[in-house]
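Hi there,

Here is the structure I promised to pass on. Have a look at it first, and then read my notes below with the picture open.

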Amino acid sequence: MKKLDISHDTSEFEVAAQLTDDGNISQSCAIDIIHLLDTQGFAVITGLLTEGEANHGLSMVRHYLEDPERQKGEFASQTDMLYGRRDFCPLPSNPDVLSYAATFAQRLQPAISEYCGTTRKVLEISTMTSYRGASHQYIHRDPDGVLCLFAAVDDISPEQGGTVFVPGTHKYSGADMMFDGQADFLTRLYQAKCNYSILKHNLKTLWGLYKSNAFTLNRRELLDRVFSTRYDNHQPNLFRFVLGKNSVFSFSPRTLLQIKKHRQTLAKYFRLVQTAPPKGTVILYRSDMLHAGPDNHTDNPRYFFGMSIARDVVFEEQWREGYSSHESLLENPQNYGDLLKYQTETGNTADYAKAG
Ligand SMILES: [Fe+2]
């Protein structure tokens with residue numbers, strides 16, 4: 001099976017932010033975003049944050065990453081978290097974090113309100129950082145019925161691992177009628193095809209890092225990532241894969257034959273697109289579309305500020321599988337409507353510099 005074929009041209013998924021006098025995006029901008037979310041499952045909104053706002057977000061993220069007592073995320077490769085390859089951590093619901101989250105909610109309100117009513121829950125506010133050596137996540141769907149936001153608080157290059165999406169694979173009523181009425185079968189097949197390549201890519205990358213003199217990946221980490229039976233859906237963990245215990249990646253000789261048989265149909269309907277958002281860009285996506293966080297090939301950390309808002313009622317156990325709330329958010333739950341009313345002000349970046 002071939003290497004992943006990924007396009008880095010996201011121009012057809014981009015909308016340039018146009019703000020009105022009240023600070024929200026314009027109605028025409030909202031219509032373009034909604035059109036992309038409905039037809040492709042995601043939209044890349046460029047220039048939504050000012051330089052100062054992005055800098056503030058970056059300082060805030062770095063400040064919390066330096067806190068040894070910070071809470072850690074419960075998903076998206078626990079082994080990467082253990083070995084410091086990723087740092088996905090929920091942010092506390094303090095005035096500065098809530099004010100920052102509210103800035104996105106309010107500025108994007110004409111688009112977000114199309115999907116999220118004011119009583120819908122804010123499931124998490126977090127930071128997602130990845131470092132060199134992180135695994136390439138398998139192509140997966142997050143739990144259904146959520147609108148997710150990633151904000152680039154710093155420039156992100158493809159080599160740093162900007163998120164990969166499979167356009168048009170989101171779920172909605174009747175979506176199974178797409179792709180000649182074979183949407184479920186074909187999307188599963190395409191997901192398996194990609195994930196087989198990602199498994200090979202991760203094994204090759206890990207071996208390269210292990211053998212490299214320039215970078216340290218010790219034997220224990222190598223064994224933990226390749227042979228451990230610990231729960232983790234995003235490592236090239238051969239035991240769990242062979243035992244069929246990886247819920248996002250299962251593969252069989254029959255699947256391989258089907259991929260071969262349907263390769264032209266898969267190529268006709270599906271493609272991988274990788275984002276490389278400049279600082280100040282925001283990505284909105286439907287949680288139930290196929291996507292993945294790639295590995296970081298550089299020594300520059302990849303930072304995202306993230307927020308997820310329910311589009312419907314949410315079954316709590318499923319929510320916890322894909323989203324990590326800070327305990328302060330659980331104690332003091334926020335709805336989308338609360339963020340819309342929140343008094344926003346961009347804090348002073350220097351406060352974080354002093355604290356750090
Ligand atoms: Fe995800």
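**What I found**

Let's start with one pair of strands: β5 (residues 122-130) and β11 (residues 302-310) run antiparallel and are joined over eight bridges. If you want a spot to click on, Ile 125 sits opposite Met 307 of β11. Before you go further, keep in mind that this is a predicted model.

Those two strands belong to an open sheet of seven strands, and its order is β2-β3-β9-β6-β11-β5-β4, with mixed pairing. At the edges you'll find β2 (14-16) and β4 (86-90), each of which pairs on one side only. On average, neighbouring strands in this sheet are turned by 20 degrees against each other, direction ignored. As background, strands of a sheet pair through backbone hydrogen bonds, and they can do so parallel or antiparallel.

**A strand to look at: β9**

Which strands does β9 pair with? Strand β3 (residues 42-46) pairs with β9 in the antiparallel sense over four bridges, and Ala 43 faces Leu 284 there. Strand β6 (residues 146-151) is also antiparallel to β9, with five bridges, and here Ala 151 stands opposite Val 282.

Is β9 buried or exposed? Five of the five residues of β9 (residues 282-286) are buried, so this strand is largely enclosed by the rest of the structure. In a regular strand, side chains alternate between the two faces of the sheet. For β9, both faces are covered: Val 282, Leu 284 and Arg 286 are buried on one side, and Ile 283 and Tyr 285 are buried on the other.

**The nonpolar core**

Some of these names come back in the largest nonpolar core, which has 83 residues. Among the members that touch the most others are Ala 43, Ala 151 and Leu 284, along with Ile 33 and Phe 42. Try zooming in on Ala 151: leaving out neighbours within four places in sequence, its contacts are Leu 49, Gly 57, Phe 104, Val 282, Phe 304 and Phe 305.

**The second sheet**

There is also an open sheet of four strands, in the order β1-β8-β7-β10, again with mixed pairing. Its edges are β1 (6-7) and β10, each with a single partner strand, so one side of each has no neighbour in the sheet. The strands β1 and β8 (residues 272-274) run parallel and are joined by two bridges; the partner of Ile 6 in β8 is Leu 272.

**Two crossing helices**

Now for some helices. The axes of α7 (residues 183-211) and α10 (residues 253-261) come within 10 Å and cross at roughly 105 degrees. An angle of 65 to 115 degrees counts as roughly perpendicular, and α7 and α10 are therefore roughly perpendicular to each other. Where they meet, α7 brings Leu 189, Ala 192 and Lys 193, while α10 brings Thr 255, Gln 258 and Ile 259. By class, this contact has three nonpolar, two polar and one charged residues.

**One loop residue**

Last stop: Asn 296, in the loop between β10 (291-292) and β11. Why does Asn 296 count as buried? A residue needs 20 or more other C-beta atoms within 10 Å to be called buried, and Asn 296 has 24 such neighbours, so it qualifies. Not counting residues up to four places away in sequence, Asn 296 touches Ser 130, Tyr 131, Arg 132, Ala 134, Gln 160, Gly 161 and Arg 302.

Cheers

How values were computed: Residues are numbered from 1 along each chain as its sequence is written. This is a predicted model: local features need pLDDT of at least 70, side-chain atom pairs count only at pLDDT 80 or more; totals for chains, interfaces and linings use all residues. Two strands pair if DSSP finds at least two bridges between them. Axes are lines fitted to C-alpha atoms, for helices over the stretch in contact, and angles run from 0 to 180 degrees between N-to-C directions. Angles under 35 degrees count as roughly parallel, over 145 as roughly antiparallel, 65 to 115 as roughly perpendicular and the rest as oblique. Two residues are in contact if their C-beta atoms, placed from the backbone, lie within 7 Å. Ala, Val, Leu, Ile, Met, Phe, Trp, Tyr, Cys and Pro count as nonpolar, Asp, Glu, Lys and Arg as charged, and the others, Gly among them, as polar. A residue is buried if 20 or more other C-beta atoms lie within 10 Å of its own, exposed if 12 or fewer, and partly exposed in between; C-beta atoms are placed from the backbone. A nonpolar core is a set of buried Ala, Val, Leu, Ile, Met, Phe, Trp, Tyr and Cys residues joined through C-beta atoms within 7 Å.
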